[in-house]
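Dear colleague,

I am handing over the structure below, and my notes on what was found in it follow directly after. Please read them with the model open beside you.

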Amino acid sequence: MAKTKWVAVVQCEVMRERCSGADCAVRFAGRRDLFAEHDSDVSVYIPITCGGCPGRRVARLAAHLKKHMAKNQVTTDEVVVHLSSCIVNDNHHGPPCPHIDDIKLMLARQGFTRLIEGSKISSGAEKKRATGVYKNR
Ligand code: SF4
């Protein structure tokens with residue numbers, strides 16, 4: 001597997017109305033939760049949002065991202081894309097995104113196949129999943 005150079009995070013546009021994305025960024029910086037696998041020398045962190053349902057901004061921003069990757073000699077196999085926890089998990093924001101498969105397909109068509117489902121792990125949401133308040137995936 002190629003060495004990771006950049007990490008991108010796709011976040012839910014609706015959730016971002018009340019979330020700055022700071023917690024994911026801080027956890028990336030500290031290599032916590034679903035960011036733990038990234039080497040300490042990976043410094044480029046790119047948060048993007050889906051643009052609202054059904055998430056088609058992802059295709060446009062993935063294409064834009066690739067332009068900048070080319071300028072920096074970065075290839076798609078050197079980029080890991082997280083689908084943020086607000087997209088993939090049932091949590092206090094709401095149920096998982098109903099367009100996850102389409103978002104994955106849009107990323108795959110742009111060559112992004114190194115996906116990680118999740119970003120921040122919320123201890124409160126984990127407890128509610130354990131007790132059945134939120135559904136597990
Ligand atoms: S539910 Fe899915 S498609 Fe809709 S805004 Fe959130 S991430 Fe985007």
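Val9 stands opposite His82 in strand E3, and Val7 stands opposite Val80 in E3. Strand E3, residues 79-83, is joined to E1 by five bridges, and the two run parallel; strands here, like helices, are DSSP runs numbered from the N terminus, with at least two residues for a strand (E) and at least four for a helix (H or I), and two strands count as paired if DSSP finds at least two bridges between them.

Two remarks on the source are needed before going further. The model is predicted, so that local features need pLDDT of at least 70 and side-chain atom pairs count only at pLDDT 80 or more, while totals for chains, interfaces and linings use all residues. Residues are numbered from 1 along each chain as its sequence is written.

On its other pairing, E1 (residues 6-11) meets E2 (residues 44-49) in the parallel sense over six bridges, and the bridge partner of Gln11 in E2 is Thr49. Six of the six residues of E1 are buried, where buried means that 20 or more other C-beta atoms, placed from the backbone, lie within 10 Å of the residue's own (exposed is 12 or fewer, partly exposed in between). Both faces of E1 are covered, with Trp6, Ala8 and Val10 on one side and Val7, Val9 and Gln11 on the other.

The four strands form an open sheet in the order E2-E1-E3-E4, with parallel pairing. E2 and E4 (115-117) stand at the edges and have a single partner strand each, so one side of each is left without a neighbour in the sheet. The twist averages 20° from one strand to the next, with axes taken as lines fitted to C-alpha atoms (for helices over the stretch in contact) and angles running from 0 to 180 degrees between N-to-C directions.

Helix H1 lies across E1 and E2, at about 160° to E2, while helix H2 (residues 57-71) packs on the sheet, touching E1, E2 and E3, with its direction at about 155° to that of E2; contact means C-beta atoms, placed from the backbone, within 7 Å.

Around the ligand are Cys12, Glu13, Val14, Cys50, Gly52, Cys53, Pro54, Gly55, Ile87, Cys97 and His99, each with its C-beta atom, placed from the backbone, within 6 Å of the ligand.

Finally, helix H5 (residues 123-130) is hardly covered, with zero buried residues among its eight, and just after H5, Gly132 takes a positive phi of about 90°.

With kind regards

Technical notes
Contact = placed C-beta atoms within 7 Å.
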